[in-house]
Amino acid sequence: MTTVRTEPTDTPGTPRPTRPERPTRPTKTARPARPARPARGFNTPSTAQVAARYLLLVLVLLLVVGPFLWQLSTSLKGPAEDVYTRTPSFLPDQPTLGNYGKVAEVVPVWTYALNSVIVAVVCITGNVVGCTLAGYALARLRFRGAKLVLGLFLATLILPGEVTIVSQYVLVRGLGLADSLAGVALPGSIAMLNVLLMRTAFAAVPVELDQAALVDGAGVWQRLWHIGLPNVRGMLSVIVIFTFIGAWDDFLWPLIVLNDPQKYTLTVGLQYLNGTFSANPRLIAAGTMIAFLPIVVVFGVCQRFFFKGVEEGAVKG
């Protein structure tokens, strides 16, 4: 005989039995996820390589800036300080600017500096104007013999300056410019390397800009002024900086051309410090700093234009 199991029915007023609640297990606190390490690529340098690079940079910095700091410290040292001591000190014990005044009293250093400024200005003007026109013509204009002219420019870079210095002197003397600042500045007025740099800069500008301006009726000079020059300001700054440094530091060519001591440039005129003040290195260091500081000033002024031109890009709207 089978028995049928019946569930108890809820009758009104009868409480239904409740099941006992199960005890809740304590929840585990989630651990913070570890930050994922960046995957190291094949070109990612290791810690040892980074340390070696910084060590090399510090070594190069000491080799480059060290002589400059030593010359600056020597030029500021007083007459009672020993320059040739075994333990050299970069900080002078008795700093003074009297060494600069003594150099100006004995050697006409400001006249020499003015002559160097005149030569540098002539060289910068010639390179900016001449190299810009030549570079634009080689990059944008189409004429017969363009490749031949470019090849001749490249051929001149093979010969060192000492090979052509005799022919340059004969040419300058034949023009009646010997013993003059114009004769000093003439060979450096247009550098072939600067022409090639300007050609490369103009060639990097899209040709479509010139074609659009040509459709609008713009001439060659208008395309050069409104399209070409705004896109090569960075290269012009580079040419200005290096042309000034080359004209200011040139020693051999002014020494050959000039005979009048009043027309000497600064680098040639400072040679008198080696003979007159051979026992006083403080004055020699002061003269060296007078010749070096203008280069720092020109580079500090022009380098921001160079980086600005690079940041703006090659294409301008």
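This passage describes the fold, the confidence and selected residues of a predicted model of one protein chain.

The model is a prediction, in which local features need a pLDDT of at least 70 and side-chain atom pairs count only at pLDDT 80 or more, while totals for chains, interfaces and linings use all residues. Residues are numbered from 1 along each chain as its sequence is written, and side-chain values use heavy atoms, with hydrogens and water left out.

The chain contains 14 helices and zero strands; helices (H or I, at least four residues) and strands (E, at least two) are DSSP runs, numbered from the N terminus. Of its 317 residues, 31% are buried, where buried means under 20% relative accessible area, exposed over 50%, and partly exposed in between (1.4 Å probe, protein chains only). The accessible surface of the chain is about 22,100 Å², and carbon and sulfur atoms supply 65% of this area; accessible areas come from the Shrake-Rupley method with a 1.4 Å probe, and for residues only the protein chains shown count as cover. Among contacts (heavy atoms within 4.5 Å) between residues at least 6 apart in sequence, 72% join residues at least 24 apart.

Confidence is expressed as pLDDT, the predictor's confidence in each residue, from 0 to 100. The average over the chain is 81, and 81% of the residues score at least 70. Among the elements, helix H6 (residues 181-185) has the highest mean pLDDT, 93, and helix H13 (residues 272-276) the lowest, 67. Over residues 312-317 the pLDDT stays under 50, and the model has eight contacts beyond four places in sequence for this stretch. Where pLDDT is low, the predicted coordinates should not be read in detail.

One salt bridge is counted in the model, a salt bridge being a side-chain nitrogen of Lys or Arg within 4 Å of a carboxyl oxygen of Asp or Glu. The partners are Asp210 and Arg140, whose closest N and O atoms are 2.6 Å apart. Because Asp210 belongs to helix H8 (residues 207-215) and Arg140 to helix H3 (residues 109-140), the pair ties together parts that are 70 residues apart in sequence. Asp210 is buried, at 7% relative accessible area, and Arg140 is also buried, at 14%.

Arg223, in helix H9 (residues 220-228), is buried but has no salt bridge. Its nearest side chain of opposite charge is that of Asp210, 4.6 Å away; Lys and Arg count as positive and Asp and Glu as negative, with His and the chain ends not counted. Beyond four places in sequence, the contacts of Arg223 include Tyr136, Asp210 and Ala213. Ala213 lies in helix H8 and is buried, with a relative accessibility of 12%. The C-alpha atoms of Ala213 and Arg223 are 6.8 Å apart, and the two residues are separated by 10 residues along the chain. With neighbours within four places set aside, Ala213 is in contact with Ala218, Arg223 and Ile227.

Two further residue pairs were examined. Val107, in the loop between helix H2 (98-106) and H3, is buried, with a relative accessible area of 4%. Although Val107 and Leu273 are 166 residues apart in sequence, their C-alpha atoms lie 8.0 Å apart in space. Val149 is in helix H4 (residues 146-156) and is partly exposed, at 30% relative accessible area. Between the C-alpha atoms of Val149 and Leu138, 11 residues apart along the chain, the distance is 8.4 Å.

On the surface, Leu56, Leu59, Val60, Leu63 and Val64 make a nonpolar patch of about 490 Å². Patches are made of residues with over 30% relative accessible area and no salt bridge; like charges are joined within 9 Å, and nonpolar side chains (Val, Leu, Ile, Met, Phe, Trp, Tyr) within 5 Å. Leu56, a member of this patch, lies in helix H1 (residues 47-75) and counts as exposed because its relative accessibility is 52%.

A backbone feature occurs at Asp179, in the loop between helix H5 (161-174) and H6. Asp179 is not a glycine, yet has a positive phi of about 60 degrees. Most residues other than glycine have a negative phi.
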